[in-house]
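The following exercises ask the reader to work through selected backbone and sheet features with the coordinates at hand. Each task is followed by a solution in steps.

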Amino acid sequence: MRLKQLHIRYYPPGIILDFEKGGQLRTKSIDLLDLTPECDANEVLLEIRRLEPLITVSREEQVKFLIKKLQDKLSQPDDHKFDLFKTLQAHILPLTNVAFNKSGSSFITGSYDRTCKIWDTASGTELHTLEGHKNVVYAVAFNNPYGDKIATGSFDKTCRLWSAETGQCFYTFRGHTAEIVCLAFNPQSTLVATGSMDTTVKLWDVESGVEVSTLSGHSAEIISLSFNTVGSRLVTGSFDHTVSVWDVPSGRLVHNLKGHRGEISSVNFNWDSSLIVTASMDKTCKVWDAEGGRCLATLTGHNDEVLDVCFNFKGQLIATASADGTSRVYDAQTFQFVCKLEGHEGEISKVCFNPQGTCVLTGSADKTARVWSVSSGSCLQVLEGHTDEIFSCAFNYYGDTIITGSKDNTCRIWR
């Protein structure tokens with residue numbers, strides 16, 4: 001093995017190694033999830049040297065420079081205020097979902113008008129309209145971190161794969177017998193997973209456009225799915241009250257996670273793929289050991305359905321969104337309650353962390369989105385102006401831009 005190049009990764013903190021093995025270029029990462037500005041860079045370097053044989057004496061200064069650069073980034077104050085940059089009359093019918101590419105230079109919107117649109121974030125101009133679906137475009141995703149392809153899942157029972165650069169449709173994936181409501185690319189961008197109301201998940205090959213496997217086992221609609229960070233496992237959540245963990249290469253069911261007493265609304269892996277968090281209509285979230293399939297904790301406190309749940313980038317915090325109009329933050333290691341985010345006057349359907357993990361963004365039926373401080377639980381900003389429910393919102397990779405999608409047919413860019 002021969003090290004070719006080192007790259008910095010800000011969120012979550014880490015160093016990417018490009019190396020050659022057997023004549024092939026490969027990539028691996030050194031995760032520095034516990035790095036703080038106060039850490040001794042020399043000690044961090046020694047630990048990296050101990051664990052990673054590719055880092056030799058000749059690379060020590062370069063690695064130390066990258067560690068200090070990460071520490072500088074972590075020490076920067078996070079007091080960003082968001083102003084409305086642009087309101088986009090995005091679609092002629094309500095939006096369904098929004099998503100950024102990794103750099104945040106462009107984003108996509110899905111709609112009941114049967115299209116997906118690609119937008120330039122800096123100018124707010126429409127780049128392409130992706131037409132061809134015969135029903136609602138419900139699920140949309142970029143193949144991050146690459147960002148050169150887009151997948152759209154529709155109520156017309158198909159998924160389409162598009163070029164993000166040209167808007168050309170590469171493939172139409174046919175095979176589901178009911179609406180597609182969730183989808184995701186694997187991290188390598190070699191597969192697309194689609195979850196359907198027909199109770200199955202299908203895996204599709206991005207290069208050839210063929211179906212790789214069908215994951216059957218749920219007895220009701222699949223509403224959420226997520227790959228782990230390395231792409232070896234897929235977790236699916238269903239209206240049958242259960243969560244399934246699948247081995248991606250073989251399509252084999254690894255675990256069937258039972259314990260929720262209501263429909264599952266959201267499922268996610270943490271960054272190091274050791275934990276799975278699930279949200280349910282039973283008013284709780286559960287945290288599971290991804291390897292063993294054991295329930296580690298039940299996160300309680302909401303008095304209505306939990307509609308969304310997520311980890312922060314480091315996988316050390318969990319945020320929930322509920323129909324009770326509140327969001328809650330929990331420690332993902334101790335499972336202790338951290339803070340309650342109160343202020344919305346309607347149900348919260350979407351929640352996400354900024355990349356730094358210092359703020360939470362929520363989108364609500366009260367027509368506003370809010371930015372919250374994780375450390376204090378206080379509301380930092382109310383993003384007002386939409387005239388109908390906000391059901392989708394997202395930060396870009398740097399945490400300095402927000403998009404909100406609403407049933408008022410518009411999308412707003414905040415900077």
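## Exercise 1: Positive phi outside glycine

S189 is buried, its relative accessible area being 11%. The model is a predicted one.

**Task.** Determine where S189 lies and what sign its phi has, and classify K283 as buried, partly exposed or exposed.

**Solution.**
1. S189 is placed in the loop between β13 (180–185) and β14 (191–196).
2. Its phi is positive, about 60 degrees, although S189 is not a glycine.
3. Buried means under 20% relative accessible area, and the 11% of S189 falls in that class.
4. K283, also not a glycine, has a positive phi of about 80 degrees; its place is the loop between β22 and β23 (285–289).
5. The relative accessibility of K283 is 39%, so K283 counts as partly exposed.

## Exercise 2: The sheet β1-β2-β3

**Task.** State which strands form the edges of the sheet β1-β2-β3, and locate P12.

**Solution.**
1. Three strands make an open sheet in the order β1-β2-β3, and the pairing is antiparallel.
2. β1 (2–9) and β3 are the edge strands, each pairing on one side only.
3. Direction ignored, neighbouring strands of this sheet are turned against each other by 25 degrees on average.
4. β2 (residues 14–21) and β3 run antiparallel and are joined by eight bridges; K21 stands opposite Q24 in β3.
5. P12 sits in the loop between β1 and β2, and the peptide bond from Y11 to P12 is cis, with omega near -10 degrees.
6. On confidence, β3 (residues 24–31) has the lowest mean pLDDT among the elements of the chain, 94, while the chain as a whole averages 97.

## Exercise 3: The sheet β9-β10-β11-β12

**Task.** Explain why β9 is described as largely enclosed, and describe its hairpin with β10.

**Solution.**
1. An open sheet of four strands is ordered β9-β10-β11-β12, with antiparallel pairing.
2. At the edges stand β9 and β12 (169–173), each with a single partner strand, so one side of each has no neighbour in the sheet.
3. From one strand to the next, the twist averages 15 degrees.
4. Five of the six residues of β9 (residues 137–142) are buried, so β9 is largely enclosed by the rest of the structure.
5. Five bridges pair β9 with β10 (residues 149–154) in the antiparallel sense, and A139 stands opposite G153 in β10.
6. The hairpin has six residues between the strands, and G147 takes a positive phi near 75 degrees there.
7. P145 lies in the loop between β9 and β10; the peptide bond from N144 to P145 is cis, with omega near 10 degrees.
8. β11 (residues 159–163) and β12 run antiparallel, joined by four bridges; C159 has F173 as its bridge partner in β12.

## Exercise 4: The second largest pocket

**Task.** How many residues line the second largest pocket, and which lie nearest its centre?

**Solution.**
1. The second largest pocket holds about 530 Å³ of space.
2. Its lining consists of 26 residues, and K73, L74, D78, Q356 and T358 lie nearest the centre.
3. By class, this lining has 12 nonpolar, nine polar and five charged residues.

Technical notes: Residues are numbered from 1 along each chain as its sequence is written. This is a predicted model: local features need pLDDT of at least 70, side-chain atom pairs count only at pLDDT 80 or more; totals for chains, interfaces and linings use all residues. Side-chain values use heavy atoms; hydrogens and water are left out. pLDDT is the predictor's confidence in each residue, from 0 to 100. Helices (H or I, at least four residues) and strands (E, at least two) are DSSP runs, numbered from the N terminus. On a 1 Å grid over the protein atoms alone, a cavity is a set of points where a 1.4 Å probe fits but cannot get out, and a pocket is an open set with protein on both sides within 12 Å along at least five of seven lines; lining residues have an atom within 4 Å of a point. Grid points are joined across faces, edges and corners, and a volume is the space filled by probe spheres set on the points. Ala, Val, Leu, Ile, Met, Phe, Trp, Tyr, Cys and Pro count as nonpolar, Asp, Glu, Lys and Arg as charged, and the others, Gly among them, as polar. Buried means under 20% relative accessible area, exposed over 50%, partly exposed in between (1.4 Å probe, protein chains only). Two strands pair if DSSP finds at least two bridges between them. Axes are lines fitted to C-alpha atoms, for helices over the stretch in contact, and angles run from 0 to 180 degrees between N-to-C directions.
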